[in-house]
Amino acid sequence: MYLSLYLLAAAAIIIVGYVAGVALMRRYRRYEGEMTLTCPENREHVVVELNPKRALAGEIAGIDDLALRACTRWPERAGCDEGCLDQVGADPHALLARVRIAEWFEHKECVLCGREFKRVEDQEHQPAFLDRDGALIASTDVDPRRLDIVLATHLPVCWNCYSAETFRRRHPELVVESA
Ligand SMILES: [Zn+2]
């Protein structure tokens with residue numbers, strides 16, 4: 001009788017721990033990734049990453065505690081005062097390049113097959129961009145500093161079409177077009 005109670009309690013603790021862990025990971029992930037800010041020192045675009053652990057700890061403590069863990073001007077400028085963080089508003093998540101890309105794709109249609117995009121954030125197979133000259137670029141390969149211009153000038157291509165088209169261009173001799 002006691003044994004089954006212990007087992008029940010242990011199972012409950014594991015389940016609660018698991019659920020809490022998943023929720024924390026999700027909050028952590030909201031701060032994780034690259035974003036573009038302007039360096040106050042030279043007024044040029046830099047790609048930075050927030051320190052997700054510290055941001056999450058701050059969120060739990062109810063304070064804004066943002067710090068950088070990476071910047072394209074490091075290591076030369078390592079130890080700077082991280083003044084660019086003033087540009088991060090109340091919603092750092094919305095500034096992340098992968099989030100901006102996901103929002104841009106949502107409800108658009110692939111220009112090659114017409115399929116509508118659902119939310120692509122954190123999906124394993126990421127879509128791609130097609131430029132005016134017909135060049136394809138994986139959305140994960142875009143330099144965040146060029147994101148504004150890419151989103152303004154490129155067309156959406158789904159992962160299926162991107163992989164098929166990339167294969168066709170690399171190995172035209174292997175592709176048999178159906179009549
Ligand atoms: Zn497609």
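**Exercise 1. State the domains of the protein chain and describe how they meet.**

Solution. The domain assignment of the protein chain gives domain 1 (2–92) and domain 2 (96–173); such bounds come from an automatic or database domain assignment. This is a predicted model, in which local features need pLDDT of at least 70 and side-chain atom pairs count only at pLDDT 80 or more, while totals for chains, interfaces and linings use all residues. Residues are numbered from 1 along each chain as its sequence is written.

Step 1: the C-alpha centres of domain 1 and domain 2 are 27 Å apart. Step 2: six residues from domain 1 and six residues from domain 2 make the contact, where two residues count as in contact if their C-beta atoms, placed from the backbone, lie within 7 Å. Step 3: on the side of domain 1 that touches domain 2, E1 and E2 are the elements that give two or more residues. E1 gives the most to that side, with three residues. Helices (H or I, at least four residues) and strands (E, at least two) are DSSP runs, numbered from the N terminus.

**Exercise 2. Describe the pairing of E1 and E2.**

Solution. Strand E1 (residues 34–38) pairs with strand E2 (residues 45–50) in the antiparallel sense, over five bridges; strands pair if DSSP finds at least two bridges between them. Thr38 stands opposite His45 in E2. Six residues lie between the strands of this hairpin, and Arg43 takes a positive phi near 60 degrees there.

**Exercise 3. Compare the length of helix H1 with its expected span, and say how well H1 is covered.**

Solution. Step 1: H1 (residues 2–29) has 28 residues and reaches 40 Å from its first C-alpha to its last. Step 2: the expected span is 1.5 Å times one less than the number of residues, and the reach of H1 is close to the 40 Å expected. Step 3: H1 is hardly covered, with a count of zero buried residues among its 28. A residue is buried if 20 or more other C-beta atoms lie within 10 Å of its own, exposed if 12 or fewer, and partly exposed in between, with C-beta atoms placed from the backbone.

**Exercise 4. Work out the order of the sheet that holds E4, and place H6 against it.**

Solution. Step 1: three strands form an open, antiparallel sheet in the order E5-E4-E6. Step 2: E5 (136–138) and E6 (155–157) stand at the edges with a single partner strand each, so one side of each has no neighbour in the sheet. Step 3: neighbouring strands are turned by 35 degrees against each other on average, direction ignored. Angles run from 0 to 180 degrees between N-to-C directions, and axes are lines fitted to C-alpha atoms, for helices over the stretch in contact. Step 4: E4 (residues 128–130) and E5 pair over three bridges, and Leu130 has Leu136 in E5 as its bridge partner. Step 5: helix H6 (residues 159–170) lies across E4, E5 and E6, at about 125 degrees to E5.

**Exercise 5. Which residues make up the largest nonpolar core?**

Solution. A nonpolar core is a set of buried Ala, Val, Leu, Ile, Met, Phe, Trp, Tyr and Cys residues joined through C-beta atoms within 7 Å. The largest has seven: Cys110, Ala128, Phe129, Val157, Cys158, Cys161 and Tyr162. E4 and H6 are the elements that give two or more residues to this core. A second, separate core of six residues includes Met35, Val48, Cys84 and Leu96.
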